[in-house]
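Colleague: Please take a close look at one part of this model, a single strand and its partners. After that, set it against the rest of the chain.

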Amino acid sequence: MKALRLRPGKERSLLRRHPWIFESAIAKGGADPGETVRVESHEGRFLAWAAFSPVSKIRARAWSFDETQRIDASFLTERCARAVGARGLFDIQSDGLRLIHGEADGLPGLIVDRYGDTLVAQFLSAGVERWKPQLADALLAATGLTQLYERSDASGREREGLKPVTGWLRGEGATERTIREHDWQLTLDIATGHKTGFYLDQRDSRQRFAEIAKHRRFRRVLNCFCYTGGFTVAALAGLRAAGALEGAEMISVDSSLPALQRAEAHVALNGFGAANSQYLDADVNATLRRFIAEGKTFDAIVLDPPKFAPTVAHAERAARAYKDINRLALQLLVPGGVLLTFSCSGGIGADLFHKIVASAGIDAGVDGYISERLGAAPDHPMTIEFPEGEYLKGLVVVRK
Ligand code: SAH
């Protein structure tokens, strides 16, 4: 068995069960991509079994902190079964579900989503890449399904020295899917959609937005970075439940035309024809500025931008970008209006995001209060030992 020897004092984070071993912590040792290594302190004490990744800054990711554990197919089968079993603990109103959430499920670099009878997986580290056939079998065994599509085309693969790979890994079928979420239906294409096809992590926040829309009977709603219109459909569902759909104005903005076309199709699919919906293929920042110039106002605005700061190194520039759009959105709200604002940047912590939104309010000359904090749905869990897992944070801000 190959071993990695750490530099003196570098065992601390592993002793706290943080699963990443950075290049800078390693004194000596190496292995092939994805090969299991025994990680040892400078003094030679066992710390973890880990998957080696020769080119990544995260040079190894821990599989297990138990010295007696063998890392083999049955270990992976058990981890997959445990993760799938844990999803049964949540009351999730959808047949689109995250089954494996990487590090949080003890499978670093593996993402698996289920859309109805089909699994979609991303293999994003050298470790899970090496064990791909065994993991594919384990996933089918844990779920009783037969179809598994691979979407290993996320940018993280590059950092692991892996090329993009997509296509059916087990079984095959149509890539176009319809899923039910809460009271509505959504469609996606697992081959071409963002991530594995859809943003499942925002499921609970979409539901919350539907409830707020129902309670407040919004007349004018602006959904920025709408992708395929998840928050648009949620708001309209809430308005319909309140009997307030007729005449409501709904504007959805995204820079992806195919996503917008799907958003429009979703509004039709769910029977929301009575609302007055517009779809703008445009840059959000420029659109917000134009609306301010035109004197437009909204009762509710959603800001769910892409990751502006993938790592802490991008935090400063990202902070400015977040502040800009939040300032513009707050200016567009009527008094009593509601802003749902999100950041999915791992590099921006919850406290920093709060500060950014607060200073956006000051610059906008707008007073607000935070009525709720939002986060990823429970099938995207975090472990206590792995703070990087908390990537998605949201605030509900009400303009005073
Ligand atoms: N709220 C969505 C997910 C949003 S993902 C949901 O619930 O499903 C972020 C979206 O922002 C993507 O669809 C992407 O196409 C879009 N986007 C990225 N940069 C943009 C820009 N500058 N202006 C408008 N849209 C942008």
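Modeller: I start at the pairing of two strands, where Leu303 has Thr341 of E18 opposite it. This is a predicted model, in which local features need pLDDT of at least 70 and side-chain atom pairs count only at pLDDT 80 or more, while totals for chains, interfaces and linings use all residues. Residues are numbered from 1 along each chain as its sequence is written, and side-chain values use heavy atoms, with hydrogens and water left out.

E17 covers residues 298-303, and strand E18 covers residues 333-343. The two run parallel and are joined by 5 bridges; strands pair here if DSSP finds at least two bridges between them. The element names come from DSSP runs numbered from the N terminus, a helix being H or I over at least four residues and a strand E over at least two. E17 also pairs with strand E14 (residues 220-224), again in the parallel sense, over 4 bridges. In that pairing Val302 of E17 is the bridge partner of Asn223. Strands of a sheet pair through backbone hydrogen bonds, either parallel or antiparallel.

As for burial, 6 of the 6 residues of E17 are buried, so the strand is largely enclosed by the rest of the structure. Buried means under 20% relative accessible area, exposed over 50%, and partly exposed in between, with a 1.4 Å probe and protein chains only.

Asn223 leads on to another strand, since it is among the residues touched by Ser252. Ser252 sits in strand E15 (residues 249-254) and is buried, its relative accessible area being 0%. Apart from residues up to four places away in sequence, Ser252 also touches Cys226, Thr232, Leu260, Gln278, Tyr279 and Leu280. A contact is a pair of heavy atoms within 4.5 Å.

On the other side in sequence, the loop between H6 and E14 holds Arg217. Arg217 is not a glycine, yet its phi is positive, at about 50°. Its relative accessible area of 43% makes it partly exposed. Arg17 also has a positive phi, near 65°, and is likewise a residue other than glycine. Arg17 is placed in the loop between helix H1 (12-15) and E2 and, at 46% relative accessible area, is partly exposed.

H6 (residues 203-216) packs against helix H7 (residues 230-241) at an angle of about 35°, the axes being 7 Å apart. The axes are lines fitted to C-alpha atoms, for helices over the stretch in contact, and angles run from 0 to 180 degrees between N-to-C directions. On the H6 side the contact is made by Ser205, Arg206, Phe209, Ala210, Ala213 and Lys214; H7 contributes Gly230, Phe231, Ala234, Ala235, Gly238, Leu239 and Ala241. By type, these residues divide into 8 nonpolar, 3 polar and 2 charged. Nonpolar covers Ala, Val, Leu, Ile, Met, Phe, Trp, Tyr, Cys and Pro, charged covers Asp, Glu, Lys and Arg, and the others, Gly among them, are polar.

E2 belongs to an open sheet of 6 strands, ordered E2-E6-E5-E4-E1-E3, with mixed pairing. Its edge strands are E2 (20-22) and E3 (26-28), each of which pairs on one side only. From one strand to the next, the twist averages 40°. Within the sheet, E1 (residues 3-6) and E3 pair in the antiparallel sense over 2 bridges, and Leu6 has Ile26 of E3 opposite it.

Elsewhere, His101 of strand E7 (residues 96-101) counts as buried at 11% relative accessibility. Leaving aside neighbours within four places in sequence, His101 contacts Arg87, Leu110, Ile111, Asp379, His380, Pro381 and Tyr391. Pro381 is 225 residues from Gly156 in sequence and 20 Å from it in space, C-alpha to C-alpha. Gly156 lies in helix H5 (residues 156-159).

For the whole, the chain has 11 helices and 20 strands, and 55% of its 400 residues count as buried. Of its contacts between residues at least 6 apart in sequence, 66% join residues at least 24 apart. The chain has a radius of gyration of 22 Å, which agrees with the value near 21 Å for a compact globule of 400 residues. That radius is taken over C-alpha atoms, and the globule rule is 2.2 Å times the number of residues to the power 0.38. Along the principal axes, the C-alpha atoms fill a box of roughly 70 × 45 × 35 Å.
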